[in-house]
Amino acid sequence: MKKIEGIVPVMLTPFTPDNQIDYPGMTKLIEWYLTQGVDALFAVCQSSEMQALSLAERVELAQFVVAQVKGRVPVIASGHISDDIARQKEELLAMSRTGIDALVLVTNHLDPQNQGRDVFYQTINTLLDALPADLPLGLYECPAPYRRLLSDEEFRFCAESGRFVVLKDVSCDLETVTRRVAMAEGTPLAVINANAAIAWPAIQAGSKGFSGVFTNFHPELYHWLYHQGASQPEKAHELSLFLSLSAVTETLGYPKNAKIWHQRLGTFDSEYCRVNKDNVLEKFWGLGVLLEQIQQGTSLWQKKIAE
């Protein structure tokens, strides 16, 4: 069983201007992530615009990422977007056959109407019975269509089941992350924080990595923070301030702003986005300047961590 920990980008899906998946661009994007030193890849997630992808596209996308990565890092994927349990089984079983290293369950689909633990347990047990017993699983507190955080009891159930190897924690709360890390001790479940504002203290508290949206901008800086920050705590603290403030830009038209970032890097050609049709540079008038400043800051920090 491969460990899922470290820096785990939530992958973008590049599209052509005529709304097709841009697979040459995806190839460049995968190689960019790997060049930046990421530890795993989260394909087919919210950043991938999975809610706007057909099941066939989601499956094909996961297969493509697995084939391109060629085992260099673990690949995990979600891609179940339905509330209906029969449809969830179909989606998850299809994704389970793509060659991914872990299949990630979205917590809000385990309790679609937020009815509570009885519905959660009924759904998750149904899915555990239906999915291959030898396939590692993950959990993702995806904020869309609503953020459904695990209770301590639910978290402990998943950790102690032995089936789950990773949680993308979206509590955005250091106390919760710290508590979950302690509860997961001795189990296969790695708690990976997704909130940039607490990235460094969460790592210090035992979080097994970072999987926030700004892994699409400067994953190499998070990689240094996770793998080397403890040896230079003062520099790590200073870097964490830059990372936290940069990530506020997520609110200004993500994921299209990340696609503009990669256009400028030359990763792919089009900023086309299925979930955001706005001209975000026009809508958020300061975005262009902010992206330039984040690029400048990223370059400065690349030099500083190389010293």
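A residue counts as buried when its relative accessible area is under 20%. With that cut-off in mind, the tour of this predicted model opens at helix 9.

**Stop 1: helix 9**

Select residues 219–228, which form helix 9. Most of this helix is covered, with seven of its 10 residues buried. To display the buried set, choose Pro219, Glu220, Leu221, Tyr222, Trp224, Leu225 and Tyr226. Next, add the elements around them: the cover over these buried residues includes strand 1 (6–7), helix 1 (23–35), helix 8 (199–204), strand 8 (209–210), helix 10 (233–247) and helix 13 (287–306).

**Stop 2: strand 5 and its neighbours**

Move to strand 5, residues 137–140. As general background, side chains in a regular strand alternate between the two faces of the sheet. Here Leu137 and Leu139 point to one side, while Gly138 and Tyr140 point to the other. Are these four residues buried or exposed? Each of them is buried.

Now add strand 4, residues 102–106, which runs parallel to strand 5 and is joined to it by four bridges. Within this pairing, Val106 is found opposite Tyr140. Then select strand 6, residues 164–169, which is likewise parallel to strand 5 and connected to it through four bridges. In this pairing, Gly138 faces Val166.

To follow the chain between these two strands, show helix 6, residues 152–161. Strand 5, helix 6 and strand 6 together form a β-α-β unit of right-handed sense. The loop from strand 5 to helix 6 contains Pro145. The peptide bond that leads from Ala144 into Pro145 is cis, its omega being near 5 degrees.

**Stop 3: Val166**

Centre the view on Val166, a residue of strand 6. Why does Val166 count as buried? Its relative accessibility is 4%, and the cut-off for burial is under 20%. Setting aside residues up to four places away in sequence, the contacts of Val166 are Ile4, Ile76, Leu137, Gly138, Leu139, Leu189, Ala190 and Ile192. For a sense of scale, draw a distance from the C-alpha atom of Val166 to that of Leu290: the two residues are 124 residues apart along the chain, and the separation is 33 Å.

**Stop 4: strand 7**

Select strand 7, residues 190–193. Both of its faces are covered, since Ala190 and Ile192 on one side and Val191 and Asn193 on the other are all buried. Strand 7 runs parallel to strand 6, and four bridges join the two. One pair to highlight is Lys168 with its bridge partner in strand 7, Ile192. Between these strands the chain passes through helix 7 (residues 174–184), in a β-α-β crossover that is right-handed.

**Stop 5: two helix pairs**

Two packed helices are described by the angle between their axes and the distance between those axes.

Begin with helix 5 (residues 117–130) against helix 6; their packing angle is about 15 degrees and the axes lie 11 Å apart. Helix 5 is therefore roughly parallel to helix 6, a description applied to angles under 35 degrees. The crossing of the two is right-handed. To show the contact, select Arg117, Phe120, Tyr121, Ile124, Asn125 and Leu128 in helix 5, together with Glu153, Glu154, Phe157 and Cys158 in helix 6.

Continue with helix 2 (55–69) and helix 3 (residues 85–96), whose axes are 9 Å apart at an angle of about 25 degrees. These helices are also roughly parallel to each other, and they meet in a right-handed crossing. On the helix 2 side the contact involves Leu55, Arg58, Val59 and Ala62; on the helix 3 side it involves Arg87, Glu90, Glu91, Ala94 and Met95.

**Stop 6: backbone details in the loops**

Which residue lies in the loop between strand 2 (41–43) and helix 2? Select Val44 there. Its phi is near 55 degrees, a positive value in a residue other than glycine. Val44 counts as buried because its relative accessibility is 0%.

Lys70 belongs to the loop between helix 2 and strand 3 (75–77). Its phi is also positive, near 55 degrees. Lys70, however, is exposed, with a relative accessible area of 64%.

The last selection is Pro255, in the loop between helix 10 and helix 11 (256–265). Tyr254 and Pro255 are joined by a cis peptide bond with an omega of about 5 degrees.

Note on methods:
Residues are numbered from 1 along each chain as its sequence is written. This is a predicted model: local features need pLDDT of at least 70, side-chain atom pairs count only at pLDDT 80 or more; totals for chains, interfaces and linings use all residues. Side-chain values use heavy atoms; hydrogens and water are left out. Buried means under 20% relative accessible area, exposed over 50%, partly exposed in between (1.4 Å probe, protein chains only). Two strands pair if DSSP finds at least two bridges between them. A crossover is right-handed if, with the strands pointing away from the viewer, the path from the first strand over the helix to the second runs clockwise. Axes are lines fitted to C-alpha atoms, for helices over the stretch in contact, and angles run from 0 to 180 degrees between N-to-C directions. Angles under 35 degrees count as roughly parallel, over 145 as roughly antiparallel, 65 to 115 as roughly perpendicular and the rest as oblique. A crossing is left-handed if the near helix is turned anticlockwise from the far one by less than a right angle, and right-handed if clockwise. Contact means heavy atoms within 4.5 Å.
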